[in-house]
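Student: Could we go through the charged pairs in this model, and then look at one of its strands?
Tutor: Certainly; here is the entry.

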Amino acid sequence: MDNIKLKQSPKITEAAVTEEKNVRLCWTKVKGAEKYGVKRAVSAKEGFETLCWIKNCEFVDENVPENVSCFYKITAQKKLESKKTSSKTSGVRAVVVSDIPAPEGLEAEHEKGKICLSWKSVEGADGYIISKRNDFYSQMLPVAKTGECKFTDGKIVSGQPYYYCVQAYKKAEDSEKQGNYSKQVSSVSIDKGAVFEAKSFFGKRMHIRARLVAGADGYILQRKDKADGEYKEVMRTQSNTDISLTDSVPKSFRTYFYRIVAYKTVEDKLYTGEPTDEIQLKSK
């Protein structure tokens, strides 16, 4: 034993329903952890009970209530020489063991200031529950119910990745049967950028400065050589604060058209915001 506390939290990598209607959990190993506690509740916020303490990074829950959302979290633990305990807890993952199938075809489209979800209908469903989280370790929590196969989320922050899943539900006499969770999708909405400085210099150089866009990873400078042409990328910055973009054009005394697009990359997918208004610069 030593007095170095755990630095990482476990990350649940799988929370799936098996053919036997059990729940299989897998999570990442935490350096220094001596054991892991598996905790479950029927509420994402309270009532968690410890099912077991194990040394492995996987567990099968064979006693799962059906047709209700069960929430799981994993606690990594280590004893210190001072007899105190060092603990780190994962984010919460939800699972349902149900005969109501998961909605298929869930898609997320981002627009300025909102994210629009759509999915295929589930036969016999009375409605759908939309759940959301804003990063890997936050809780996937129900945020809305709808009778349609679409939902628009307007409660978002520019540049913040959001993750969604959907359940179908059926009304019972005094309760509600919840279906399995759909596959998770993610999306990001990025605010429209703006140009606050644009100059042309001798040597056919164009200098453009953009305003900061919250949450962006960087900016893409696009150019077209004539009014009815197509925009093409000419440079890309790699930092949110790198707002100065310079382009060298091929010809002098010619008008070029520019716009800037803020972007963010999440899980190797590129998300772009609405382009700035077009500006025109004449080379010298």
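**Salt bridges and a covered strand**

Tutor: Aspartate 277 forms a salt bridge (a side-chain nitrogen of Lys or Arg within 4 Å of a carboxyl oxygen of Asp or Glu) with lysine 192, and their closest N and O atoms are 2.8 Å apart. Aspartate 277 is in the loop between strand E23 (269-272) and strand E24 (279-282), and lysine 192 is in the loop between strand E16 (185-187) and strand E17 (195-201), so the pair ties together parts 85 residues apart in sequence. Strands (E, at least two residues) are DSSP runs numbered from the N terminus.

Student: What is the basis for these values?
Tutor: This is a predicted model, in which local features need pLDDT of at least 70 and side-chain atom pairs count only at pLDDT 80 or more, while totals for chains, interfaces and linings use all residues. Residues are numbered from 1 along each chain as its sequence is written, and side-chain values use heavy atoms, with hydrogens and water left out.

Student: What is the mean pLDDT of the protein chain?
Tutor: The mean pLDDT (the predictor's confidence in each residue, from 0 to 100) is 91, and 99% of the residues reach 70 or more. Confidence is lowest in strand E8 (residues 93-96), at a mean of 86, and highest in strand E13 (residues 150-153), at 97.

Student: Back to the first pair: is aspartate 277 buried or exposed?
Tutor: Aspartate 277 is exposed, at a relative accessible area of 55%, whereas lysine 192 is partly exposed, at 28%. Buried means under 20% relative accessible area, exposed over 50%, and partly exposed in between (1.4 Å probe, protein chains only).

Student: How many salt bridges are there?
Tutor: The count comes to 16. One of them joins aspartate 61 to arginine 40, with closest N and O atoms 2.7 Å apart. Aspartate 61 lies in strand E5 (residues 58-61) and arginine 40 in strand E3 (residues 35-41), 21 residues apart. Aspartate 61 is buried at 5% relative accessibility, and arginine 40 is buried at 18%.

Student: And which strand should we look at?
Tutor: Strand E19 (residues 218-224), where 7 of 7 residues are buried. Its residue arginine 223, buried at 15%, meets aspartate 225 in a salt bridge (3.2 Å, N to O).

Student: Which strands pair with E19?
Tutor: E19 pairs (at least two DSSP bridges between two strands) in the antiparallel sense with strand E22 (residues 255-266) over 7 bridges. In E22, alanine 262 is the bridge partner of tyrosine 219. E19 also pairs in the antiparallel sense with strand E20 (residues 232-236), over 4 bridges.
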